[in-house]
Amino acid sequence: MITMILGEVANFAAYAFAPAVLVTPLGALSIIFSAVLAHFILKENLHMFGVVGCILCVVGSVGIVLHAPKERKIDSMKEIWHLATQPGFIVYSCVAVACVLFLIFRVVERSGHRLMLVYIAICSLMGSLTVISVKAVAIALKLSFGGSNQFIYVQTWFFIVVVTICCLVQLNYLNKALDSFNTAVVSPVYYVMFTILTIVANMIMYKDWASQTATQIATQLCGFVTIVAGTFLLHKTRDMGNPPPPPPDQMCLQEAGECAPRSMTSSS
């Protein structure tokens with residue numbers, strides 16, 4: 001739990017120093033470390049497809065890092081607020097919130113238990129707004145530590161409230177998705193949809209790709225697609241090579257150290 005908290009703090013700090021189009025896709029690296037550590041610590045078999053998936057994630061991440069846009073220099077919270085109140089981002093925010101409210105109040109009760117994309121769409125839409133707000137708060141903290149207090153502005157506290165609300169909604173419906181559907185399917189689909197919407201929201205608000213060439217943008221997109229392929233491959237083949245679970249009609253006799261059919265134990 002401590003390492004998870006430290007990791008999230010580091011991820012939060014990264015948004016203050018790098019564009020979201022770089023930080024968000026690199027979240028796939030955690031999948032690689034999880035797979036490798038599970039192989040050595042939990043003795044889970046990392047088969048050939050798992051190795052290929054890890055390599056794809058690394059290659060895609062390197063491509064994104066090498067061609068990532070430069071971070072936009074921001075000197076105050078008022079500048080962030082000016083970007084957030086541009087017509088394009090206001091339209092995106094209103095559409096995202098309207099879609100989330102429609103899904104929560106009209107679709108979840110009727111189709112949420114059958115359609116995985118309902119929960120994931122809610123999480124991804126709210127997640128894109130979360131990242132935008134987290135980046136604003138992270139920049140405010142960086143500027144405040146640098147001697148320019150940004151917490152005197154009401155806009156800073158507005159972004160903090162948005163982060164809190166979006167995180168609560170996002171966690172609630174992500175847990176519902178994980179409870180209702182297979183984790184091996186939910187995780188990669190959520191990662192893809194969340195990352196795409198985050199990149200779109202970041203492009204609309206911060207316009208990080210405005211100074212990049214078409215070749216650089218295409219290379220980043222190829223790197224993202226490569227990461228997606230590696231993520232799906234890791235999740236879809238994660239149980240290959242592992243011993244199958246014991247049949248449900250058997251139970252282990254701890255005293256004898258062997259397994260026997262339940263009917264035999266009950267009759268004896």
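How far apart do the end C-alpha atoms of residues 49-69 lie, and how much of the span is helix? In this predicted model, the two end C-alpha atoms are separated by 32 Å, and the span is 86% helix and 0% strand. The stretch is one of those that the unreviewed UniProt entry annotates as "transmembrane region"; the others in that record are residues 12-42, 89-108, 115-140, 152-173, 185-205 and 217-234. For residues 185-205, the model gives 100% helix and 0% strand, with 31 Å between the end C-alpha atoms.

Confidence should be considered before the packing is described. The chain has a mean pLDDT of 81, and 88% of its residues reach 70 or more. Residues 251-256, however, have pLDDT below 50, and the model shows 10 contacts for this stretch beyond near neighbours in sequence. Residues 258-268 likewise stay under 50, with 18 contacts beyond four places in sequence.

The packing of helices may be followed through three pairs. The first to be taken up here is that of helix α4, residues 48-66, with helix α10, residues 214-236; their axes lie 7 Å apart and meet at an angle of about 160°. Because angles over 145 degrees count as roughly antiparallel, α4 is placed in that class relative to α10. The crossing of α4 past α10 is left-handed. On the α4 side, the contact is formed by F49, G50, V52, G53, C54, L56, C57, G60, S61, G63 and I64. These residues meet T219, Q220, G223, F224, T226, I227, A229, G230, T231, L233 and L234 of α10. By class, the contact comprises 11 nonpolar and 11 polar residues, with no charged ones.

A second pair joins helix α5, residues 77-84, to helix α8, residues 154-180, at an angle of about 60° and with an axis separation of 9 Å. This angle makes α5 oblique to α8, and the crossing is again described as left-handed. M77, I80, W81 and A84 contribute from α5, while Q155, T156, F158 and F159 contribute from α8. This contact contains 6 nonpolar and 2 polar residues, and no charged residues.

The remaining pair consists of helix α1, residues 2-17, and helix α7, residues 116-145, which pack at about 80° with their axes 8 Å apart. The two helices are therefore roughly perpendicular to each other. From α1, the residues F12, Y15, A16 and F17 take part. Their partners in α7 are V131, V134, K135, V137, A138, I139, L141 and K142. Here the division is 10 nonpolar, no polar and 2 charged residues.

Conventions:
Residues numbered from 1 in each chain as written. Predicted model: local features only at pLDDT ≥ 70, side-chain atom pairs only at ≥ 80, totals over all residues. Heavy atoms only, no water. pLDDT = per-residue confidence, 0-100. Contact = heavy atoms within 4.5 Å. Axes fitted to C-alpha atoms, helices over the stretch in contact; angles between N-to-C directions. Helix = DSSP H or I, 4+ residues; strand = E, 2+ residues; numbered from the N terminus. Parallel < 35°, antiparallel > 145°, perpendicular 65-115°, else oblique. Left-handed = near helix turned anticlockwise from the far one by under 90°. Nonpolar A, V, L, I, M, F, W, Y, C, P; charged D, E, K, R; others polar. UniProt positions renumbered as here; feature names shortened; annotations may be inferred.
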